[in-house]
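Here is a guided walk through a structure, meant to be read with the model open beside the text. Keep the viewer at hand and follow along from chain to chain.

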Amino acid sequence: MGIVGNTVRSARFRRSRWVLTAILCVYLVYTLIPIFYVVTASTKTNADLFGTFGLWFSDDFHLRENLVDLFTIQDGIFLRWLGNTFFYALTSAIGAAFFALLAGYAFAKYDFAGKRLLFALVLGAVMIPQTALVIPLYLLFSKVGLLNTPLAVILPSLVFPPGVFLMRVYVEEAVSDEIIDAGRVDGAGELHILSGLTFRLLMPGLATVFILAFVAAWNNYFLPLVVMSTSDQFPVTVGLAIWYASATTGSGGNLLFTVVMAGSLVSILPVILAFLIMQRFWQGGLSAGSVKA
Amino acid sequence: MTRFLAGHRPRVIIGKKIAPYVLLLPFVLVFVAFLIVPMIYAFNLSLHKTALVGGTRFVGFDNYARAFVDPNFWSGVWLLVRFGFIQMPIMLSLALAFALILDSGLVYARGLFRIAFFLPYAVPAVIATLMWGYIYGPAYGPLAQIAAFLSLPKPDFFSENAILGSIANITIWEYTGYNMIIYFAALQAIPADLEEASKMDGASAFTYAVRVKLPMIVPMIIVTIMFSIIGTLQLFSEPYLITNLARSVINSHFTPNYYAYTLAFTAQQYNYSAAISFVLGAVVAVFSYAFMLASNRGTR
Amino acid sequence: MAVITLSGVTKSFGSVSIIKGVDLSIGDGEFVIFVGPSGSGKSTLLRLIAGLEETSGGHILIDGTDVTDRGPAERALSMVFQSYALYPTKTVRQNMSFGLEVARLPRAEIDRRVDAAAAILKLEPYMARKPRALSGGQRQRVAIGRAIVREPVAFLFDEPLSNLDAALRVDMRVEIAKLHRRLAATMVYVTHDQVEAMTLADKIVVLDGGVIQQVGSPMELYERPANLFVAQFIGSPKMNVLPASADGRAIIVPGGKVRLAAPPPAMIAHLGARPENIVVTPPGQGDIDGRVDVVERLGSDTFAYVAVPDAGVLTVRIVGNDVGIAIDQPVGLAFDTQRLHLFDTRGQAVPAAAA
């Protein structure tokens with residue numbers, strides 16, 4: 001570290017390096033324990049779950065049986081939940097990200113009447129308690145017959161104010177006013193400038209907003225809990241929570257904790273995978289924003 | 001020189017003036033339909049009362065008057081205030097410390113830590129609660145097992161005294177990495193020549209991190225505190241899901257959102273529930289505004 | 001014949017008035033440069049001509065047609081931007097042909113024009129590259145190429161060289177000058193660099209506070225600035241200005257008198273002298289006395305900064321580097337009375353030959 005004698009090769013540097021790495025490792029263990037617990041629990045029989053140490057595997061490796069149970073119990077409803085979640089999250093996230101891109105672009109690159117007010121409204125939306133929205137949505141949807149349909153979950157999820165905020169910031173950074181002006185001088189209309197000249201610059205931002213909206217929709221619990229009433233429409237969060245409750249109270253009869261654990265494991269894997277894959281994409285893309293000398 | 005435009009007048013259909021409105025249209029449509037309209041509808045609900053006899057009638061601010069003196073509501077708010085004072089400092093200081101450590105480049109395997117710490121954010125709150133619920137389990141949970149192995153008294157994570165800490169732990173686990181990523185991105189945006197300047201000034205990596213970098217991301221820290229305040233006051237999923245494990249301590253008005261939910265969907269009191277939600281919204285706004293004022297004064 | 005005519009053009013953003021009424025005509029083939037300090041409105045004026053900003057008042061005529069209400073693409077102009085504004089996702093060829101494609105020109109015609117421009121600018125080896133794979137100078141040439149293919153009535157340049165390093169800037173300046181001669185095109189150019197302005201322009205427009213201060217050839221502005229602002233803005237190092245008053249056949253300045261052959265106009269309030277029009281003398285033998293503060297030797301020239309009581313520091317330019325003056329040395333300063341600039345209390349130039 002420069003002139004204070006703390007260079008990369010110095011003993012002091014190496015010592016602080018090990019100490020700091022050790023601190024992070026402690027938290028790493030804490031972060032991974034619940035996930036590891038789910039992994040070991042989904043490989044056990046229900047008897048072993050109670051009879052053996054929770055944070056290690058038991059001799060009887062029961063993962064395959066648990067997975068078979070998971071996908072066959074109640075006529076394979078779990079697969080249906082996974083499919084529902086995937087469908088709700090994907091459609092919501094595509095719509096939300098696309099709307100956020102257009103709105104964020106408008107906020108970033110144009111002046112128009114009511115801009116400040118509208119933006120303040122969008123930002124203020126994060127303060128609205130979930131119940132304040134979900135309860136009236138439930139009542140309104142019941143009036144128009146949308147309750148217990150996919151639209152009841154998807155439509156409200158299209159409103160993703162943080163995405164608008166993020167896209168605005170991203171557009172301001174990634175697209176210079178001069179590029180838009182150059183497009184105007186070249187005779188392109190405003191929408192043509194967006195679709196033909198600047199859209200590809202915005203892909204990393206769009207990917208970021210997409211994945212945030214996707215995770216938000218995948219993890220959504222309160223809204224589907226309220227607007228969905230039959231098991232075949234549940235997303236995985238609502239379904240697992242019900243299984244969990246019946247396993248806890250013992251009312252589910254044949255529902256075993258190990259199956260709930262296996263279900264948890266299966267339902268978090270896609271999001272984690274999506275994150276890992278997409279992370280590369282948007283981290284690489286962020287620096288490639290705009291060509292500037 | 002030939003004149004470029006002879007016969008080639010470009011057709012610009014949507015110009016600079018209307019373009020922003022066209023671009024905003026889709027978002028504003030869903031924003032109005034699924035946010036503004038429900039809000040107005042809920043507000044209208046909150047001004048009415050439904051009785052078994054006589055149906056629905058306008059009662060003005062009666063529901064609000066009731067909410068303002070409803071001990072069930074305020075006990076929930078008070079609980080969350082206590083909760084916030086435990087949870088937020090721990091979560092945000094951990095996030096900040098990790099972000100500073102990772103940004104300093106002083107550790108091995110930075111990428112691994114960054115992604116691993118962020119992972120819990122991808123885990124739905126429902127599943128996080130469920131996982132921790134098992135770990136807390138008094139009969140078969142690994143923590144109880146360790147205690148039994150060491151012949152210690154069995155820890156009770158669902159007791160009156162422990163429940164707040166148990167829930168706080170779940171939310172810390174869920175959101176520390178998310179806040180860390182926000183701080184990390186802000187730190188990465190600090191120009192490298194500042195670090196060189198501080199080295200020339202003889203500052204150690206620690207001094208540079210705390211005295212130079214930390215003050216530069218104060219605006220970001222303020223934003224995360226704001227979001228944490230808002231998120232805390234809206235706590236619902238974690239206590240709701242843990243109810244079965246801790247029946248004796250988690251009641252139907254444990255948090256304000258929980259209370260509004262119970263009022264609406266168990267007691268069918270939509271009108272009063274709507275009023276509770278709006279009062280909660282007002283409480284959120286007051287807390288956020290108070291914090292903004294305080295932080296403005298502090299940074300001036 | 002005027003290709004671009006501005007009459008009474010104004011522009012305000014909200015209540016802030018940026019351009020306060022500009023009349024200007026730009027002739028066919030002329031190279032016109034807008035200069036002024038930042039905030040003077042020079043870039044805004046260019047953007048008004050381009051159609052990127054709407055005027056608040058007045059009219060803009062291009063080739064005799066009133067284009068005030070037309071969009072930027074309908075004005076038959078090209079523009080080269082400060083950051084080049086190349087489309088990052090398109091290749092060099094696509095960057096240059098985009099505007100022609102929008103105008104639905106036939107493919108063959110597009111290719112002909114793009115190839116011709118590429119030849120002029122020596123861009124042929126790079127046509128398939130993306131902008132990020134080009135150097136600063138190459139990007140600059142692509143930006144110019146994109147402007148050329150449109151075969152515009154006039155080229156607009158918005159500080160096009162300010163993102164280049166010093167050596168490249170000189171090269172590109174020469175290239176732009178050659179291009180101007182080769183295309184015989186009308187060019188309107190904004191810069192804050194007065195070397196660019198002096199070397200490139202047929203006509204310089206000096207702006208300050210949204211008002212044209214003076215229009216003229218570089219030498220006119222240098223020799224006969226219309227007011228104090230132009231006098232001090234054009235020329236480097238800038239003109240020395242001293243408070244002055246007339247007294248018979250002399251001008252009284254702090255610490256001395258400048259004797260003239262004829263009596264100066266009575267209303268003068270300021271005397272201006274360029275650094276090369278002051279001569280260093282032994283103390284007491286010039287018009288005023290001072291003390292050398294700083295000496296800068298550039299090789300070909302030496303600048304002496306001489307502190308004069310009540311008049312501040314005057315800059316004197318001496319040819320060569322072996323000038324035999326040292327810091328803190330007392331010196332006299334003599335003005336070249338043939339080349340004095342006189343200004344009244346409002347800062348307007350007063351002809352020295354009035355008497």
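Strand β4 (residues 57–62) of chain C and strand β5 (residues 65–66) of chain C run antiparallel and are joined by 2 bridges. Helices (H or I, at least four residues) and strands (E, at least two) are DSSP runs here, numbered from the N terminus, and two strands pair if DSSP finds at least two bridges between them. Within this hairpin, C:Ile62 has C:Thr65 of β5(C) as its bridge partner. The hairpin of β4(C) and β5(C) has 2 residues between the strands, and C:Asp63 takes a positive phi near 55° there.

Before going further, please keep in mind that this is a predicted model, in which local features need pLDDT of at least 70 and side-chain atom pairs count only at pLDDT 80 or more, while totals for chains, interfaces and linings use all residues. Residues are numbered from 1 along each chain as its sequence is written, and chains are lettered from A and ligands numbered from 1 in the order in which they are written.

Staying in chain C, you can find an open sheet of 4 strands in the order β11-β15-β21-β22, with antiparallel pairing. Its edge strands, β11 (240–243) and β22 (349–350) of chain C, each pair on one side only. Strand β21 (residues 341–344) of chain C is held to β22(C) by 2 bridges, and these strands run antiparallel. Here C:Leu342 has C:Val350 of β22(C) as its bridge partner. Ahead of β11 comes a loop that starts after α8 (228–233) of chain C, and C:Pro237 lies in this loop. The peptide bond from C:Ser236 to C:Pro237 is cis, with omega near -5°.

Now zoom out to the whole of chain C. This chain holds 8 helices and 22 strands, and its C-alpha atoms fill a box of roughly 75 × 45 × 35 Å along the principal axes. Of its 355 residues, 42% are buried; a residue is buried if 20 or more other C-beta atoms lie within 10 Å of its own, exposed if 12 or fewer, and partly exposed in between, with C-beta atoms placed from the backbone. Two residues are in contact if their C-beta atoms, placed from the backbone, lie within 7 Å. Among the contacts in chain C between residues at least 6 apart in sequence, 64% join residues at least 24 apart.

Where does chain C meet chain A? The contact takes 24 residues from chain C and 17 residues from chain A. On the side of chain C that touches chain A, β6 (77–80), α2 (92–102) and α4 (136–148) of chain C each supply at least two residues. The most comes from α2(C), with 3 residues. By type, that side of chain C divides into 15 nonpolar, 7 polar and 2 charged residues. In this scheme Ala, Val, Leu, Ile, Met, Phe, Trp, Tyr, Cys and Pro count as nonpolar, Asp, Glu, Lys and Arg as charged, and the others, Gly among them, as polar.

Chain A has 13 helices and 0 strands, and 48% of its 293 residues count as buried. Among its contacts between residues at least 6 apart in sequence, 72% join residues at least 24 apart. Have a look at helix α3 (residues 63–109) of chain A: a straight helix of 47 residues would span 69 Å at 1.5 Å a residue, yet this one spans only 54 Å between its end C-alpha atoms. The expected span is 1.5 Å times one less than the number of residues. Where does α3(A) bend? At A:Gln74, by about 115°, the bend being the angle between axes fitted to the seven residues ending there and the seven starting there. Phi of A:Gln74 is near 50°, a positive value in a residue other than glycine. A:Gln74 is partly exposed, with 13 other C-beta atoms within 10 Å.

A:Asn148, also not a glycine, has a positive phi of about 60°. This residue sits in the loop between α5 (130–144) and α6 (150–157) of chain A, and A:Asn148 is partly exposed, with 16 other C-beta atoms within 10 Å.

Finally, turn to chain B. Here 76 residues of chain A are in contact with 76 residues of chain B. Helix α1 (residues 11–41) of chain A gives the most to the side of chain A that touches chain B, with 13 residues. That side of chain A divides into 57 nonpolar, 17 polar and 2 charged residues. Chain B averages a pLDDT (the predictor's confidence in each residue, from 0 to 100) of 87, and 95% of the residues score at least 70. Over residues 1–8 of chain B the pLDDT is below 50. Where pLDDT is low, the predicted coordinates should not be read in detail.
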